[in-house]
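This report looks at how a ligand is held in a predicted model, and then turns to charged pairs elsewhere in the protein.

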Amino acid sequence: MSRLAQTHGLTDVQREILATVRDFVDKEIIPVATDLEHRDEYPQQIVDGLKELGLFGLMIPEEYGGLGESLLTYALCVEEIARGWMSVSGIINTHFIVAYMIKQHGTREQKEHFLPRMALGEVRGAFSMSEPALGSDVSAITSKAVKDGDEYVLNGQKMWLTNGGTSTLVAVLVRSDEGHPEGTAPHKSMTTFLVEKEPGFGEVRPGLTIPGKIDKMGYKGVDTTELVMDDLRIPANRVLGGSTGRGFYQMMDGVEVGRVNVAARGCGVAQRAFELGVSYAQQRHTFGKPIAQHQAIQFKLAEMATKVEAAHAMMVNAARKKDSGERNDLEAGMAKYLASEYCKEVVEDAFRIHGGYGFSKEYEIERLYREAPMLLIGEGTAEIQKMIIGRRLLEEYRFQG
Ligand SMILES: Cc1cc2nc3c(=O)[nH]c(=O)nc-3n(C[C@H](O)[C@H](O)[C@H](O)COP(=O)(O)OP(=O)(O)OC[C@H]3O[C@@H](n4cnc5c(N)ncnc54)[C@H](O)[C@@H]3O)c2cc1C
């Protein structure tokens with residue numbers, strides 16, 4: 001355990017899980033992450049290891065074969081994994097969101113059908129809201145489902161599916177006008193469909209195409225794809241929760257826990273950047289002494305460590321709030337916003353501490369520098385978080401005069 005980012009009040013079980021994950025990260029992820037990332041190679045061996053550790057079922061209830069752990073345990077595991085390699089946490093994250101949505105909103109049959117195999121990592125989840133013309137403005141979704149007997153026919157194009165190729169179950173949000181009269185608010189006429197498919201690219205199910213991997217600046221190894229629906233037929237029993245019109249709320253619930261998760265990733269990447277910076281600063285000499293002995297560098301390290309601590313505390317607070325059953329959109333929005341901004345700043349400082357070597361692919365910080373920006377965008381940009389935070393504050397502090 002490092003001095004920074006400690007979490008008080010954990011149970012013995014939580015401490016044991018975290019120690020196991022940290023050991024796995026140090027031995028199995030950090031030594032290979034940068035090479036795999038440079039080759040944009042899917043980390044199959046690491047994923048197999050995570051399956052063995054039971055991480056795909058960490059929050060799935062025990063009655064469905066999972067470990068039944070809390071959001072806090074999950075977030076702390078994600079923090080550890082992102083410290084090793086952010087892409088690996090991305091592989092788990094969409095799976096976790098879909099499992100969470102089924103656990104919270106699925107019918108009994110859907111839970112029994114999917115959750116035990118999701119706990120084992122046999123069924124792997126992705127979720128799909130974004131489209132080519134929209135990401136922040138989810139209410140503008142144009143993909144559509146039309147009822148046809150006992151089935152729905154889905155058409156439209158989706159964008160930016162993390163794990164789009166490797167997943168076998170995609171939670172897809174589309175507009176479904178059936179049962180919702182003209183003039184219904186957009187978010188009340190959306191439905192989440194649980195779409196099963198083969199892994200891979202091309203036509204992975206009749207009417208469903210995953211065209212290929214999007215080439216990204218960072219966050220490599222994990223596949224990010226488009227998804228094209230062309231008269232895709234889905235049985236009515238694969239509407240999440242059994243009735244249409246609830247998709248927007250189900251997805252927002254999923255994204256809310258996803259935000260804690262993105263905050264946790266920011267914490268993990270920032271921790272790693274700090275570790276790299278503080279280590280390099282003691283080895284590199286200029287003007288007759290280690291650069292860590294120059295006050296300007298010490299100040300940087302002080303700022304970086306303070307940001308690591310603050311982000312961790314906010315992330316833990318947001319997770320605990322959700323675990324207590326309370327609404328946590330304010331805390332999750334704040335944690336996501338602060339952790340992702342701080343992560344970018346801490347990574348930038350560690351990069352500067354490395355001087356010219358930070359620009360070399362031989363140094364791990366080069367990878368982190370390309371990874372951190374993704375956290376500013378995923379699960380809602382900084383502007384969207386500030387909108388959520390601002391709206392909630394005005395609810396809480398309503399002017400009484
Ligand atoms: C690597 C990667 C993986 C992703 N994975 C997934 C996934 O698995 N599933 C999924 O559904 N999506 C995924 N996304 C999509 C992601 O959620 C969106 O990119 C994100 O929500 C932003 O949407 P956008 O890109 O359409 O930007 P836009 O919504 O077009 O926003 C562009 C800019 O305008 C700002 N903006 C927008 N509206 C406002 C406003 N009202 N006020 C002020 N500023 C505003 C934004 O903050 C941003 O700076 C992924 C994205 C990336 C890059």
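## Polar contacts to the ligand

A polar side-chain atom of Thr 381 lies 2.6 Å from an oxygen atom of the ligand, and in this predicted model Glu 383 likewise places a polar side-chain atom 2.7 Å from a ligand oxygen. Thr 162 addresses another kind of atom, with a polar side-chain atom 2.8 Å from a nitrogen of the ligand. On its own the ligand has 970 Å² of accessible area, of which the protein covers 64%.

## The surrounding shell

The ligand sits in the largest pocket. Around the ligand there are 16 residues, and those that come nearest are Ser 136, Trp 160, Thr 162, Thr 381 and Glu 383. By class, this shell is made up of nine nonpolar residues, six polar residues and one charged residue.

At least two shell residues are supplied by each of β1 (125–128), β3 (151–162), α10 (374–377) and α11 (382–396). Which element gives the largest share of the shell? That share, three residues, comes from β3.

## Salt bridges in the structure

Side chains of opposite charge can pair when their charged atoms come close. Across the whole structure, a search finds 35 salt bridges, and one of them joins Lys 300 to Asp 349, with the closest N and O atoms 3.8 Å apart. Because Lys 300 belongs to helix α7 (residues 295–323) and Asp 349 to helix α8 (residues 329–353), this pair ties together parts of the protein that are 49 residues apart in sequence.

Notes. Residues are numbered from 1 along each chain as its sequence is written. This is a predicted model: local features need pLDDT of at least 70, side-chain atom pairs count only at pLDDT 80 or more; totals for chains, interfaces and linings use all residues. Side-chain values use heavy atoms; hydrogens and water are left out. A residue is near a molecule or strand if one of its heavy atoms lies within 4 Å of it. A polar contact is a pair of N or O atoms within 3.5 Å; within protein, one must be able to donate a hydrogen and the other to accept it, and residues adjacent in sequence count only if both atoms are side-chain atoms. Accessible areas come from the Shrake-Rupley method with a 1.4 Å probe; for residues, only the protein chains shown count as cover. On a 1 Å grid over the protein atoms alone, a cavity is a set of points where a 1.4 Å probe fits but cannot get out, and a pocket is an open set with protein on both sides within 12 Å along at least five of seven lines; lining residues have an atom within 4 Å of a point. A molecule sits in a cavity or pocket if more than half of its atoms lie within 2 Å of its grid points. Helices (H or I, at least four residues) and strands (E, at least two) are DSSP runs, numbered from the N terminus. Ala, Val, Leu, Ile, Met, Phe, Trp, Tyr, Cys and Pro count as nonpolar, Asp, Glu, Lys and Arg as charged, and the others, Gly among them, as polar. A salt bridge is a side-chain nitrogen of Lys or Arg within 4 Å of a carboxyl oxygen of Asp or Glu.
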